[in-house]
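Trainee: I have a new structure open and no idea where to start. Can you walk me through it?
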Amino acid sequence: MAFKETKLPANAPASRRALGWIDDRFPLSKLWNDQWGKYYAPKNFNVWYIFGSLAMLVLVLQIVTGIFLTMHYKPDANLAFASVEYIMREVPSGWLVRYMHSTGASAFFIIIYLHMTRALLYGSYRKPRELIWLFGFAIFLCLMAEAFFGYLLPWGQMSYWGAQVIVNLFGAIPVIGPDLSLWIRGDYVVSDATLNRFFAFHVIAIPLVLLGLVAAHLIALHEIGSNNPDGIEVKDHLGPDGHPLDSIPSHPYYTVHDLFGVSVFLLIFSCVVFFAPEMGGYFLEYNNFLPGDSLKTPLHIAPTWYFTPFYSVLRATTADFMWVLMCFVAAYTVFIWLKSRLSLVTKIIIAVVALMAIFGMLPQVLDAKFWGVVFFGSSVVVLAFMPWLDHSLVKSIRYRPTWHKYVYAVFFIAFITLGVLGTLPPTPVGTIISQVCTLLYFSFFLFMPWWSTMGKFKKVPDRVVFHPH
């Protein structure tokens, strides 16, 4: 096939001729139009739909600031902490770059949690957007890995001991645990080998995977189309031009919408960076301003705040709590037998698995530390199954029974409570509260196939509800 070049008028502007030359060789304009410029999105987006673009902004911010930090950082156990101090004190504007990166990490998780909250409220994980949700879940896992690997790099007290505690968790896995922990660390303790491999993962491996997943997430989103606060498929009502009647081009309408959100975000972000970069010890722990010392353990070791809800689940799994969990598993199995419409064979399999789990929870078989790791991982992984757990007749919370909102409220309160308790030293009362919140957290998902179908649902309108400003 012969190469055909687009013919433009002789008096066409130089910028248009340059763009035409590129488009003949690379689909630049087509990519822009498909992914944003002429991508039609529902016209009833609200403030909850800002967080996707903000996540992209923070991702770019983290990559750029990370590049500048690596120019001066030394991934060496003897030099790492001093190199961070050098960045803060000697490198021109190094303190600003470092604080932008550390604040950006917390900002990233705040935005991602709000982005996921919007998906929960409006059913953005429901058919046909299951794959979009799975890509988003994979992005969340990558962000957690990226944050964990980066947590060690300053080589401060909390970095060192936090990594020591988290890596040691893998030692609770039967048979392979000790060897797995040794393989992750590269040594018998967190050392120079650990620092080097974490640096490689943080700077090269995870970001490459993350960028690929973000691209897949966006491509899948723009192929299926965006959800909206009403949970209505706008593609069901097309106009004469082939575009949905209840949609508008993303550019310029949502470009302006997102730029306003970016402006507000940058204002808040700048205030934090310049006036409270440590955020009272939540964004940057005060112990991390002390060099890592293998001979001096901090009084209270806890991960950064964005891990603490899941860390609380781990910490709540005590030997006494295992008896409660055994009763919970037994009761849930009986509930499935009485209420589910699964086949008899499936019910028998579930009952056998439940009996094996209850047997494994006995203190003579597997200790609570192992099950803490299991529930710690399960509290994250369960999010991936949302598209198949939610059997509601409608997507959006707007048209669900009113009491469903209280179920979501209890779930969010339990999650936030777990996060707060995870930042505090363990106490008997705090442990009991975290155990109750752990049961509420898992109950939200495990009973969702039933409670999501109960109640009187409101009629979903045929077209999206939109009130112009």
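Mentor: Start with one term: buried means under 20% relative accessible area. Also keep in mind that this is a predicted model.

Trainee: Okay, try it on Phe-199. Buried or exposed?

Mentor: Phe-199 is buried, because its relative accessibility is 17% and the cut-off is under 20%.

Trainee: Where does Phe-199 sit?

Mentor: In helix α9, which covers residues 192-224.

Trainee: And what is Phe-199 in contact with?

Mentor: Leaving aside neighbours within four places in sequence, Phe-199 is in contact with Thr-70, Tyr-73, Pro-75 and Leu-153. Val-374 is another matter: its C-alpha atom is 27 Å from that of Phe-199. Those two are 175 residues apart along the chain.

Trainee: Switching to the core. How many residues are in the largest nonpolar one?

Mentor: It has 107 residues. Phe-140, Tyr-441 and Phe-445 have the most contacts inside it. Helix α5, residues 94-122, gives the most to this core, with 12 residues.

Trainee: What does Tyr-441 touch?

Mentor: Setting aside residues up to four places away in sequence, Tyr-441 touches Phe-310, Ser-379, Val-382, Leu-383, Phe-411, Phe-415 and Leu-418.

Trainee: What about charged residues? What's the situation with Glu-146?

Mentor: Glu-146 is buried yet has no salt bridge. The nearest side chain of opposite charge is Arg-98, 14 Å away. Glu-146 lies in helix α6, residues 130-152.

Trainee: So which residues does Glu-146 touch?

Mentor: Phe-201, His-202, Ile-206 and Pro-207, not counting residues up to four places away in sequence.

Trainee: How many salt bridges does the structure hold?

Mentor: It holds 9. One of them pairs Glu-85 with Arg-89, with the closest N and O atoms 2.9 Å apart.

Trainee: Why are Glu-85 and Arg-89 separated by about one helical turn?

Mentor: Because they are 4 residues apart in helix α4. Glu-85 counts as partly exposed, at 21% relative accessibility. Arg-89 is exposed, with a relative accessible area of 64%.

Trainee: Which residue meets Asp-390 in a salt bridge?

Mentor: Arg-126, at 3.7 Å from N to O. That pair links distant parts of the chain, 264 residues apart. Arg-126 is in the loop between α5 and α6, and Asp-390 is in the loop between α15 and α16. Both residues are buried.

Trainee: And Asp-230, what does it pair with?

Mentor: Asp-230 forms a salt bridge with Arg-398, with 2.9 Å between the closest N and O atoms. This pair also links distant parts of the chain, 168 residues apart. Asp-230 is in the loop between α9 and β2, while Arg-398 is in the loop between α15 and α16. Asp-230 counts as buried, at 2% relative accessibility. Arg-398 is partly exposed, with a relative accessible area of 33%. Separately, salt bridges that share partners join Lys-43, Asp-246 and Arg-463 into one network.

Trainee: Last topic: holes. How many cavities of 30 Å³ or more are there?

Mentor: There are 2. The largest cavity holds about 40 Å³ of space.

Trainee: What lines the largest cavity?

Mentor: Phe-81, Val-84, Glu-85, Arg-98, Pro-154, Asn-288 and Phe-289. Helix α4, residues 80-89, gives the largest share of that lining, with 3 residues. You have met Glu-85 already, in the salt bridge with Arg-89. Arg-98 came up too, as the nearest side chain of opposite charge to Glu-146.

Methods: Residues are numbered from 1 along each chain as its sequence is written. This is a predicted model: local features need pLDDT of at least 70, side-chain atom pairs count only at pLDDT 80 or more; totals for chains, interfaces and linings use all residues. Side-chain values use heavy atoms; hydrogens and water are left out. A nonpolar core is a set of buried Ala, Val, Leu, Ile, Met, Phe, Trp, Tyr and Cys residues joined through side-chain atoms within 4.5 Å. Buried means under 20% relative accessible area, exposed over 50%, partly exposed in between (1.4 Å probe, protein chains only). Helices (H or I, at least four residues) and strands (E, at least two) are DSSP runs, numbered from the N terminus. Contact means heavy atoms within 4.5 Å. Lys and Arg count as positive and Asp and Glu as negative; His and the chain ends are not counted. A salt bridge is a side-chain nitrogen of Lys or Arg within 4 Å of a carboxyl oxygen of Asp or Glu. On a 1 Å grid over the protein atoms alone, a cavity is a set of points where a 1.4 Å probe fits but cannot get out, and a pocket is an open set with protein on both sides within 12 Å along at least five of seven lines; lining residues have an atom within 4 Å of a point. Grid points are joined across faces, edges and corners, and a volume is the space filled by probe spheres set on the points.
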